[in-house]
Amino acid sequence: MAVKLGLIGVGRIGKVFAHTLAFNVPQADLVAVADSDPSAAQEAAARFNVPAWYADYRQLLDQKDIQAVVVATPTHTHLEVAVAAAQAGKEIFCEKPLALDLAGNDQLIQAVQSAGVRMQVGLNRH
């Protein structure tokens, strides 16, 4: 059974994730994308055959069938988005860095532990 995924952020690295998840990973079912630019979200959904798109990532997090999310937003937003994903009970794959400082990293680790979800950090160049 495939994991139902949401992708938050469809900029440069987000499109790479979208392509990979949509066409190269049979265990992944990319069911929604979100981006603060509605036209980018809509275009990505059409290009990668994704049934749902949102201009507000919180709407994606409210989608009940999504089990996990990929956070590919701008660096300064990783902490906010990943904490919200943890609080929504979603497993998380987040591009590096998790936060801009140690306190932010600690905050995210606490949110993940409190929610009982898993999180993995990605570094796309490795």
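Me: Let's start with a charged pair: with which residue does R118 form a salt bridge?
Reply: This is a predicted model, in which local features need pLDDT of at least 70, side-chain atom pairs count only at pLDDT 80 or more, and totals for chains, interfaces and linings use all residues. Residues are numbered from 1 along each chain as its sequence is written, while side-chain values use heavy atoms and leave out hydrogens and water. A salt bridge here is a side-chain nitrogen of Lys or Arg within 4 Å of a carboxyl oxygen of Asp or Glu. For R118, the closest N and O atoms are 3.3 Å apart, and the partner is E91.

Me: How many residues apart in sequence are the parts that R118 and E91 tie together?
Reply: Helices (H or I, at least four residues) and strands (E, at least two) are DSSP runs, numbered from the N terminus. R118 sits in the loop between helix 5 (102–115) and strand 6 (119–122), whereas E91 belongs to strand 5 (residues 91–95), so this pair links parts whose separation in sequence is 27 residues.

Me: Does R118 count as buried, partly exposed or exposed, and what is its relative accessible area?
Reply: Buried means under 20% relative accessible area, exposed over 50%, and partly exposed in between, with a 1.4 Å probe and protein chains only. E91, the partner, is partly exposed at 23%. R118 itself is exposed, with a relative accessible area of 62%.

Me: Which residue meets the side chain of D29 in a salt bridge?
Reply: The structure holds three salt bridges. In the one with D29, N and O are 3.0 Å apart and the other side chain is that of K4.

Me: And how many residues apart in sequence are the parts that D29 and K4 tie together?
Reply: D29 is found in strand 2 (residues 28–34) and K4 in strand 1 (residues 3–8), so the pair joins parts with a sequence separation of 25 residues. D29 is partly exposed at 29% relative accessibility, and K4 is partly exposed too, with a relative accessible area of 29%. So the value you asked for is 25 residues.

Me: Which residue meets R58 in a salt bridge?
Reply: R58 is partly exposed at 45% relative accessibility. The residue that it meets is also partly exposed, at 25%. The N to O distance is 3.0 Å, and the partner is D56.

Me: Stepping back to the fold, what pattern does the protein follow along the sequence?
Reply: There are five helices and six strands in the protein. Read along the sequence, they give β-α-β-α-β-α-β-α-β-α-β.

Me: Why is the protein as compact as a globular protein of that length, and what is its radius of gyration?
Reply: The radius of gyration is taken over C-alpha atoms, and the globule rule is 2.2 Å times the number of residues to the power 0.38. For 126 residues the rule gives 14 Å, and the protein comes close to that, so it is as compact as a globular protein of that length, with a radius of gyration of 13 Å.

Me: How many residues of helix 4 are buried?
Reply: Helix 4 (residues 78–87) is mostly covered. Its buried residues are H78, L79, V81, A82, V83, A84, A85 and A86. Contact means heavy atoms within 4.5 Å, and what covers these residues includes strand 1, helix 3 (57–62), strand 4 (68–71), strand 5 and helix 5. Of the ten residues in helix 4, the buried ones number eight.

Me: Just after helix 4, what phi does G89 take?
Reply: G89 lies in the loop between helix 4 and strand 5, and is partly exposed with a relative accessible area of 43%. Leaving aside neighbours within four places in sequence, G89 touches Q67 and V117. Its phi is positive, at about 80°.

Me: At what relative accessibility does V10 count as buried?
Reply: V10 is placed in the loop between strand 1 and helix 1 (12–23). Beyond its neighbours within four places in sequence, V10 is in contact with K15, V33, A34, D35, A40, A41 and A44. V10 counts as buried, with a relative accessibility of 1%.

Me: Last one: what share of the 126 residues count as buried?
Reply: Among contacts with a separation of 6 or more, residues 24 or more positions apart account for 60%. The C-alpha trace spans about 40 × 30 × 30 Å along its principal axes. Of the 126 residues, the buried share is 45%.
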